[in-house]
Amino acid sequence: MGAAQGAVKGNNKSKFGGGCLFVFGLVFFLVGMIPGYIALSTLVQSFQARSWTPVAATVLAAELDVSHGDDSTTYSVSGRYRYEVGGQAFESTRISFDTGSDNIGDFHHRTHALLEQHRRSGEPVTAYVNPDDPSEAVVVRSMRWGMFAFMMIFPLVFGGVGAVVMAMSFVGSRKVKADRQRERAHPAEPWRWNADWDRGELHCQTKATMWFAVGFAVFWNLVSTPVAFLLPGEVFGNSNYVAAIGFIFPLVGIGLAAWAVIAVVRWRRFGKSVFIMDPLPASPGGVVAGDLKVPVALEADSLDATLSCVSKRTTGSGKNRKTRETLLWQDDQRIDLRGRTGAGARVPIRFALPADAALTDTDSNPSIQWKLEARAEVPGVDFAARFDVPVFQGDLLAPISNLGAIGEAEARPAPAGDGGDWQHTGVKRDSRAGAARYRFSAARHKGVAATTTVFAVVFGGAGAAMMAIDEAPFWFGLIFLAVGLLIGWFALELWLRRTELRVRPGELSWRSGLALLGGEKTLRTDQIEDLSIEPGMQAFGRRFYRLTLRPREGRARVLGAGLRGRRDAEALAAQIKRELGKG
């Protein structure tokens, strides 16, 4: 009942959330539209000035105004000039159609140099006069396209985000009304408050992931693309090599764009998958079971399914707000797809839950969420689907059971989890000199290694830049550099570390290192207490495992790390123990 109370509390908050969300989106929208209006007004004025009359003007004054802020220095050019139209003298201070100060490019420096040159020499400068109003004139009538692009970021990003948020608040308010109706109908059954769960279905998050990836990639690239155009001049023109660290942002944008493309292709290729769950909800000590329905044929021999329980804790507020995810429990299995590859075919999935499994609770801090992920390697973009799984104390009331009523066929019994296959760990086995050799190759998880490398470059580069800038605290840069080097060493391990085991009946030898330069170590079987699998690092919501040797004397040693899949890793340990004669 505690979970039900938590969900009720969260939905009561949502009564006010829709209006606040709309106001928040409206503020973003207006903040974006104001710079957009200024940029478009400047564009219109520049085009209108193409028909203005050129006249000779005498420069009376020219100044380059410099404004020093906490984070940057901005510039603006001002001046005064005199011209005649129809025998009548006029004076003007308008230099261009831009207003305010900025540091986008070298426009202000170039314009000031031009005006100052004409002021000193006394030679007239060309001004452009509005034929309909001779008192209106300008010296620079051309458009600053770099400034225009920068200003248009605000309506595209802030205005776009604001419009999306307002639309989400409208759609969300309708959803909240429907959810409250289900709450009143089933006050003690929170799993029925979700429309999909109430039908006994779990819908994949592929489409939501696609829109998030596209939106985030567009947002990031709109913000970072101007940096790619401004940095070359700053780095190579002004020899400000510290600024080169800014190239990280457009590079990250390229990676995000690739992620968005993959997400779009995945959605268009595989569509919406559904996990028909029975019983619903799952309960501690029970099972998460049901049928996965994919609308298209999967050209794969097997499908990897992973069930995870994740705790999310949020701390701080504002800029200091942080969310930390902790993997509380995870299990995985491989399911044979042979004979189940047709479009719309059902793939049975079944996981046993521990008796002390945490209950779903999305409204507390930390929150508890259960995720079911299914993956299959197919030609091109791999199949991937992710589902939110409800886990509640289902023995309080009758759970939903409509598995047989959904779809065109009777539900098949869900299979028990397999024992794993050590060959799927990526470890290679061969024979040499009468011994079985197991090789843990380098760079087996390139995605994790690449991400770690990016973090190392960001922290290390930021630290080096801060140490090179006199205004920045030296010790602060030193800390960042130290963190970057530490992460960099870990990245180097992921890219280059290799391990090699040699197994004979009664004897185990191993060596490990970045280039296998270390000496080989050997233990007899009677010196080995156990060879087991233990949890290792966590990355991208997946737990990796390590093969650990426990000798009868001395400390435990990690023989191999980065093993994906607990069952496959345990199968590897069992295989080695059998060849040692300990199985």
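**Figure 1. Surroundings of Phe-275 in the predicted model**. Leaving aside neighbours within four places in sequence, Phe-275 is in contact with Gly-200, Glu-201 and Leu-202. Its further contacts comprise the run Val-288, Ala-289, Gly-290, Asp-291 and Leu-292, together with Ile-349, Leu-372 and Phe-387. Phe-275 is also listed among the residues with the most contacts inside the largest nonpolar core.

**Figure 2. The largest nonpolar core and a second core**. The largest nonpolar core contains 37 residues. Those with the most contacts inside this core are Phe-275, Val-288, Leu-292, Leu-303, Trp-370, Phe-383 and Val-389. Two or more residues each are given to this core by strands E7 (274–277), E8 (287–293), E9 (302–315), E11 (346–352), E12 (367–376) and E13 (383–389). Strand E12 gives the most, with five residues. Apart from this core lies another, of 24 residues, which includes Trp-422, Leu-501, Val-503 and Tyr-545. In soluble globular proteins, nonpolar side chains tend to be buried together.

**Figure 3. Arg-437 in strand E15**. Strand E15 spans residues 435–440 and contains Arg-437. With a relative accessible area of 8%, Arg-437 falls under the 20% limit and is therefore classed as buried. Not counting residues up to four places away in sequence, Arg-437 touches Lys-428, Arg-429, Asp-430 and Arg-432. Arg-437 also touches Glu-500, Leu-501 and Arg-502, and Leu-501 is one of the residues of the 24-residue core.

**Figure 4. Trp-52 in the loop between helix H1 and strand E1**. Trp-52 is located between helix H1 (2–48) and strand E1 (53–68). Trp-52 counts as buried because its relative accessibility is 9%, under the 20% cut-off. Trp-52 and Val-129 are 77 residues apart in sequence, yet their C-alpha atoms are 5.3 Å apart in space. When residues up to four places away in sequence are not counted, Trp-52 touches Phe-97, Tyr-128, Val-129, Asn-130 and Pro-131. Glu-136, Ala-137, Val-138 and Arg-141 are likewise touched by Trp-52.

**Figure 5. Pro-54 in strand E1**. Pro-54 has a relative accessibility of 52% and so counts as exposed, a class that begins over 50%. Not counting residues up to four places away in sequence, Pro-54 touches Thr-126, Ala-127 and Tyr-128. Tyr-128 is also touched by Trp-52. The C-alpha atoms of Pro-54 and Ala-137 are separated by 9.4 Å, with these positions 83 residues apart along the chain as the sequence separation.

**Figure 6. Lining of the largest cavity**. Two cavities of 30 Å³ or more are found in a search of the whole structure. The largest has a volume of about 50 Å³. Its lining consists of Thr-42, Ser-46, Ser-96, Phe-97, Asp-98, Phe-107, Val-140, Ser-142, Met-143 and Arg-144. By class, this lining has four nonpolar, four polar and two charged residues. Phe-97, one of the lining residues, is also among the residues touched by Trp-52.

**Figure 7. Overall context of the close-up views.** The secondary structure of the protein comprises nine helices and 21 strands. Of its 583 residues, 40% count as buried. Among contacts between residues at least 6 apart in sequence, 67% join residues at least 24 apart. The protein exposes about 31300 Å², of which carbon and sulfur atoms supply 58%.

Definitions and conventions: Residues numbered from 1 in each chain as written. Predicted model: local features only at pLDDT ≥ 70, side-chain atom pairs only at ≥ 80, totals over all residues. Heavy atoms only, no water. Helix = DSSP H or I, 4+ residues; strand = E, 2+ residues; numbered from the N terminus. Buried < 20%, exposed > 50% of the residue type's maximum accessible area, 1.4 Å probe, protein only. Contact = heavy atoms within 4.5 Å. Core = buried A, V, L, I, M, F, W, Y, C linked by side-chain atoms within 4.5 Å. 1 Å grid on protein atoms, 1.4 Å probe; cavity = no way out; pocket = protein on both sides within 12 Å on 5 of 7 lines; lining within 4 Å. Points joined across faces, edges and corners; volume = space filled by probe spheres on them. Nonpolar A, V, L, I, M, F, W, Y, C, P; charged D, E, K, R; others polar. Areas by Shrake-Rupley, 256 points an atom, 1.4 Å probe, with all protein chains shown as cover.
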